[in-house]
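Trainee: Could we go through this structure together, one question at a time? I would like each answer to show its reasoning before it settles on a value or a name.

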Amino acid sequence: MGIEFLNNKFHIFNNDISYVIEVSEQNDLLHLHFGASVEANNLFHQKNINTEFTSYSDEENPKYSLSALPQEYPSGGASDFRAPAYQILTKDGCHTPELKFKSYEIINGKPKLEGLPAVYTENDNEAQTLIILTEDINYGLQVKLYYTIINGYNAICRHSEIINNSDSPIHLKNAQSFSLDFPAGNYEYIHLEGAWAREKHIERNAVHKGSQGFESRRGASGHIENPFLLFFEQGATEDYGNAYGISLIYSGNHKFLMEREYNETVRVQAGINPFEFDFKLEHGQTFTTPEVVIAFSENGFSKISHTFHKLYRTHLCRGYWRDKARPILINNWEATYADFTKNDLIKIADAASNLGLELFVLDDGWFGERNDDTTSLGDWFANEKKLNGPLSDLVSEINKRGLKFGLWFEPEMISLKSELYKAHPDWLIKTPYSKEHYGRHQCILDLTKPEVRGYIVNILSNILSNANIEYVKWDMNRNMTDAYSSSLPADRQGEFYHRYILGLYEILETLTQKFPKVLFEGCSGGGGRNDPGMLYYMPQNWTSDDTDATERLFIQYGSSLVYPASTMACHVSAVPNHQIKRSSPLSMRGNVAMSGAFGYELDLSKLSSEEIDEVKNQVEFYKNNRDIIMNGTFYRLLNPFVSRHAAWSYVTEDEKTALVYYIVKQARPTNEAVYLKLKGLNSNYNYEINGTVYSGKTLMNYGYLIEDNEYEGMSFILKLNAVN
Ligand code: GLA
């Protein structure tokens with residue numbers, strides 16, 4: 001691993017990958033390569049550009065045109081007509097700066113991003129960072145580009161800083177985290193599209209001419225498009241082809257753009273959505289973009305996922321719980337919804353304790369006057385009538401049963417029917433012109449206001465300090481409308497969406513530092529804000545409000561492209577399933593949920609004696625194997641989007657143990673035999689499966705024979721142990 005600057009070329013590399021940037025004679029930063037390892041000195045930019053209808057800056061040298069050359073952080077409006085990486089507006093209305101290389105620095109380690117979540121290192125020899133300073137002297141504009149390579153990862157972390165050195169304020173209209181120009185070729189991409197209760201479905205498309213991409217304008221990363229792009233050469237598969245994973249560490253409005261030009265090159269960008277974005281920079285001020293991680297694999301998608309899983313598990317998630325076994329929980333939401341008595345909760349806790357569970361989570365409905373979703377958000381004090389006494393008493397009773405206690409909050413919200421609204425009607429987000437819009441009967445607090453952030457920190461701190469609460473579910477149940485803050489002047493309203501997210505990050509940083517041993521789980525109606533930004537503060541996330549086992553096959557498959565199993569909360573719920581009324585066997589519901597941070601979300605006190613035995617077995621199996629699930633290398637074996645079956649596996653780093661999951665998504669009579677080809681085993685090892693010994697190479701090249709007569713919801717988990 002290293003970074004070199006030789007013959008005007010920067011080379012960021014390890015044994016597998018190379019990222020090469022040239023400083024041209026004209027002092028432009030030209031992108032030469034990102035992909036498999038190369039000799040940087042042998043790379044050259046195109047010298048003979050077709051000059052018809054191009055623009056250029058030097059009459060003596062019209063063949064040097066930025067309109068066709070690949071660039072690192074392109075400016076717009078001068079000689080490049082493709083999408084610019086950033087856009088500004090000066091007080092005179094000028095908007096066509098041209099950045100030129102000025103200087104560079106190569107440092108050990110990885111600098112933090114001010115106020116933003118980012119990949120981190122724990123000591124400086126783990127990583128190297130290249131910082132390139134570019135500027136346009138006439139505009140008084142400087143841009144610093146950051147590139148970090150971390151030992152052992154085939155990925156580059158990028159972000160930029162935009163600095164106003166001019167005497168007057170400038171308006172930043174667009175500030176992408178990165179831009180990357182791919183050479184002429186045929187490309188495809190996968191994105192994670194969805195909806196509430198149907199998150200992260202994969203959709204594969206060819207990259208066509210013109211602009212395409214996806215974005216969020218919902219104030220959060222959203223259910224509809226996760227901030228992740230898998231971009232690859234045509235025909236790439238799980239294990240074949242050049243592929244790039246692009247993951248934006250940001251929880252607000254995002255935009256991913258692919259622009260294929262007349263010459264078949266493709267420009268890819270990701271960053272904050274320029275939609276209603278306008279950030280005013282005073283003289284001397286710097287704007288820091290969110291970080292983007294770009295992973296490369298020359299062997300298809302699987303390796304991209306491995307890079308993200310390990311990087312995010314160990315260099316993005318933080319704190320006490322990062323490496324700890326996640327407790328098996330019972331959540332009362334689908335068991336009782338908001339309509340419960342203390343007695344109902346105790347009955348569920350008794351059953352959970354008897355089954356060997358480890359954490360009891362009290363979901364929505366414990367505070368204010370909240371018996372349904374129309375009231376009380378913001379009134380974070382326990383409803384002692386409903387709980388039959390103070391919250392701390394309930395917590396002790398739960399603890400006495402050998403269970404940790406966890407609590408649900410939705411801190412960013414306010415109900416119009418609440419004490420908080422009576423006291424602070426001006427704290428919710430609304431414009432001066434129109435009545436506010438609602439989502440789930442609620443409004444959003446204006447986190448750009450310091451007094452609102454202070455209120456949230458104080459009121460949550462009080463509750464977390466006064467009872468033994470060891471887990472918090474942090475929910476956020478609507479999209480943002482009426483983006484406006486009465487605390488911002490007119491010419492700063494375009495900062496609102498981003499300042500909201502900065503405010504949220506500040507609150508989360510404060511609370512997670514203040515309560516370092518509390519396990520925080522993110523949630524937004526399931527996966528509505530399931531992004532890498534949130535993982536920096538909360539090491540797990542409620543994957544989806546859809547707990548149906550079959551639906552979860554799709555959602556968890558899509559999630560697995562980028563998010564590690566340890567971050568995906570998965571629960572067994574009752575049948576018929578509450579979201580889509582399907583009934584799946586308890587074994588299947590357990591097997592699908594035992595693919596992440598595991599739990600139950602049903603009334604355990606109502607289980608039959610056979611179900612009790614089965615759940616006890618599931619709990620014991622998970623406890624014995626959760627380390628493999630949390631930390632093993634994950635392989636997708638059968639894709640439920642195209643197959644009647646789903647299969648996946650986790651293999652320990654020493655390749656001696658594996659868990660293989662097999663699920664019949666849709667049974668068919670007189671079914672075919674399946675030779676399930678395993679992955680990631682050691683071809684020199686022999687493995688024992690249920691008393692029979694197989695060689696690793698047989699299991700990978702021939703497969704494990706499954707010839708059972710199928711039935712709907714049939715599933716099993718195989719455990720493999722190396723025996724030689
Ligand atoms: C959201 C969450 C659910 C539950 C409810 C409570 O929908 O995703 O898990 O907590 O809120 O209102």
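Trainee: In which loop is the place of Lys200, and is this residue buried or exposed?

Mentor: Bear in mind that this is a predicted model. Lys200 sits in the loop that runs between strand S11 (187-193) and strand S12 (201-206), and its phi is positive, about 55 degrees, although the residue is not a glycine. Buried means under 20% relative accessible area. Lys200 has a relative accessible area of 2%, so this loop residue is buried.

Trainee: Which loop holds Asp482, and what is its relative accessibility?

Mentor: Asp482 belongs to the loop between strand S26 (469-474) and helix H7 (496-514). Its phi is positive as well, near 55 degrees, in a residue other than glycine. Asp482 counts as buried, because its relative accessibility is 12%.

Trainee: Which residue does Pro576 join through a cis peptide bond?

Mentor: Pro576 is placed in the loop between strand S29 (568-573) and helix H10 (586-593). The peptide bond in question is cis, with omega about -10 degrees, and the residue on the other side of it is Val575.

Trainee: With which side chain does the side chain of Gln442 make a polar contact?

Mentor: Gln442 is part of strand S25, which spans residues 442-444. Its relative accessible area is 0%, so Gln442 is buried. The side chain of Gln442 nevertheless has a polar partner at 2.7 Å, namely the side chain of Glu410.

Trainee: Turning to the sheet with the order S1-S2-S3-S4, which are its edge strands?

Mentor: Four strands form this sheet, which is open, and their pairing is antiparallel. On average, neighbouring strands of the sheet are turned by 15 degrees against each other, direction ignored. An edge strand here pairs on one side only, and that describes strand S1 (2-6) and strand S4 (29-36).

Trainee: Over how many bridges do S3 and S4 pair, and which residue is the bridge partner of Tyr19?

Mentor: S3 and S4 form a hairpin with five residues between them, and Asn27 in that turn has a positive phi of about 65 degrees. The two strands pair in the antiparallel sense over seven bridges. For Tyr19, the partner in S4 is Phe34.

Trainee: Why is S4 described as largely enclosed by the rest of the structure?

Mentor: S4 is one of the edge strands, pairing on one side only, yet that pairing does not settle how its residues are covered. The description rests on burial, because of the eight residues of S4 the number that are buried is seven.

Trainee: On the other side of S3, which residue stands opposite His11?

Mentor: Strand S2 (residues 9-13) and strand S3 (residues 17-23) pair in the antiparallel sense, over five bridges. Opposite His11, the residue in S3 is Val20.

Trainee: How much of the ligand's accessible area does the protein cover?

Mentor: The ligand is surrounded by 13 residues, the closest being Asp363, Asp364, Arg440, Lys473 and Asp545, and by class this shell has four nonpolar, three polar and six charged residues. Oxygen atoms of the ligand lie 3.0 Å from a polar side-chain atom of Trp408, 3.0 Å from an N or O atom in the side chain of Asp475, and 3.1 Å from a backbone N or O atom of Gly526. Of the 310 Å² of accessible area that the ligand has on its own, the protein covers 95%.

Notes
Residues numbered from 1 in each chain as written. Predicted model: local features only at pLDDT ≥ 70, side-chain atom pairs only at ≥ 80, totals over all residues. Heavy atoms only, no water. Near = heavy atom within 4 Å. Polar contact = N/O pair within 3.5 Å; in protein donor to acceptor, adjacent residues only side chain to side chain. Areas by Shrake-Rupley, 256 points an atom, 1.4 Å probe, with all protein chains shown as cover. Nonpolar A, V, L, I, M, F, W, Y, C, P; charged D, E, K, R; others polar. Pairing = 2+ DSSP bridges. Axes fitted to C-alpha atoms, helices over the stretch in contact; angles between N-to-C directions. Buried < 20%, exposed > 50% of the residue type's maximum accessible area, 1.4 Å probe, protein only.
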